[in-house]
Amino acid sequence: MIRARGLGYRFPGADHLAVQDVDLQLQAGELCLLTGPTGCGKSTLLRLLAGLLQRHGSGEVQGEASVAGVDPGRTPPSERVRRLGFVGQEPSDQLIAGSLEDEVAFAMESAGIPAERMRARVPELLRRVGLELDLGRDPRTLSGGQCQRLVVAAALSAGAPVLLLDEPLAMLDPLGARELIARLRQLADEGTAVLMVEHRVAACWEAADRVLVMAEGRLVGQATRAELRPDHAVIGTLAALGIRPPGAAALDPIPTPSPPDGVLRSFPELSWRYPGAARPALAPLSLELRAGERLAVCGPNGSGKSTLLHRLAATADPGIVAVPQDPDLSLFCSSVWEELAYGPQERRSGEVERTVRRVARALSIEELLDRAPQALSRGQRLRVAVAAALACGPRVLLLDEPTAGQDHDQVEAMMTALTEELREGALVFATHDLELARRFGNRALRLRDGLCEQRGTPDEVLSGSPRAGEPG
């Protein structure tokens, strides 16, 4: 169903291939996990297999690819949608319609499916991805995780025999991730070929028929599920590349560099209701942030995590700097250096170069300073956006899903650096990664349906223990 031979790609102006010499075959009924460190070429490979770079890119394509027996770069849209479903890293970029119903129906309409059948299938497809909402709802009002579920439903709608998914779990809560993996496993068992790029390896491990490992643009290892014993070479390769294999021991929490001392910011009432919505996206919530604090905001998709961060950012406090779920929304310069220098220059700092070097070193992007942000991987773009925010000298830094697009080692290095950099400030991060919340949070709150369900230490909140009762 998927075949690549000598497949490679060089971006315009690049001095090296982002993907090179990839030979790959995927059979009908096979669910294959493709993983590797941030920036190794996984997303580029997936876009080549989908024919996107052949049709829309201006770089150099090498080798050949076929999907369901045809060249994906030369297939007309009405035929392509019958053969291939594709979900990219940024689900919001794929939204084209004004309602959930139209979004899911679009691929079916392109494939020529009769209207009566389309109307019958839309609710069922949305139920299958756990998105039982008003069919007329505007997709732009969804949370990141809900949006991710929607584009997966749209990719499934025309019944394509091949699915290419780029980090479909990145913005899903643990339950949503388990449900989607179970659905993908069912599709594979029914004959669909599924190729999925993921950093959340543990969530996919048991469901995958095969694991492919990529590094520096090449496939460097693979194994079937039956072969994946603890002593298999692929396990060692994953560990060497900074990807934690399933079963790895949990890491200890990061200690607070200095005891939280003094209230930095007080927010007596934060709330939000979308126009026309039946209930608030965020019910009134009071919050205090202290020096040295790292607040983990947890909860299922659609619970109000991103809304809480938006309301904190909307207070127009110059000491609060936010990095959104989609890092591209905060990147606008032609080079990484310019992105990092923009904040210090606006503040008329006399130490622009020193600040740029410091935050670049802290976020492990020193080698990217001369690159265009748009040419980087999603994980690299996220670290650039975080570094640019850090260069502004924030008292409070807001991060929305900081693990998306990043391998374990990069997340670990980034969060450790932020802990050190913000020892006199505060970090607020929304996450579905419960281990990240336990390891780096020293306080947590859990939201559900826009309500603050619990506050306390990460262990208290994530284990469902009684409310700790501390103020704010």
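This report describes strand pairing and one helix packing in a predicted model.

## Basis

The model is predicted: local features need pLDDT of at least 70, side-chain atom pairs count only at pLDDT 80 or more, and totals for chains, interfaces and linings use all residues. Residues are numbered from 1 along each chain as its sequence is written, and side-chain values use heavy atoms, with hydrogens and water left out.

## The six-stranded sheet

Six strands (DSSP runs of E, at least two residues, numbered from the N terminus) form an open sheet in the order β5-β6-β7-β3-β8-β9. Its pairing is mixed, where two strands pair if DSSP finds at least two bridges between them. β5 (84-87) and β9 (218-224) are the edge strands, each pairing on one side only. Direction ignored, neighbouring strands of this sheet are turned by 15° against each other on average; axes here are lines fitted to C-alpha atoms, for helices over the stretch in contact, and angles run from 0 to 180 degrees between N-to-C directions.

## Edge strand β5 and helix α6

Four bridges join β5 to β6 (residues 162-166) in the parallel sense. Within β6, L164 is the residue opposite F86.

Helix α6 (residues 144-156) lies across β5 and β6 and runs at about 170° to β5. Helices are DSSP runs of H or I, at least four residues, and contact means heavy atoms within 4.5 Å.

## Pairings of β1

β1 (residues 2-10) pairs in the antiparallel sense with β4 (residues 60-67) over seven bridges. I2 stands opposite V67 of β4.

β1 also pairs with β2 (residues 19-26), again antiparallel, over five bridges. R3 has Q25 in β2 as its bridge partner.
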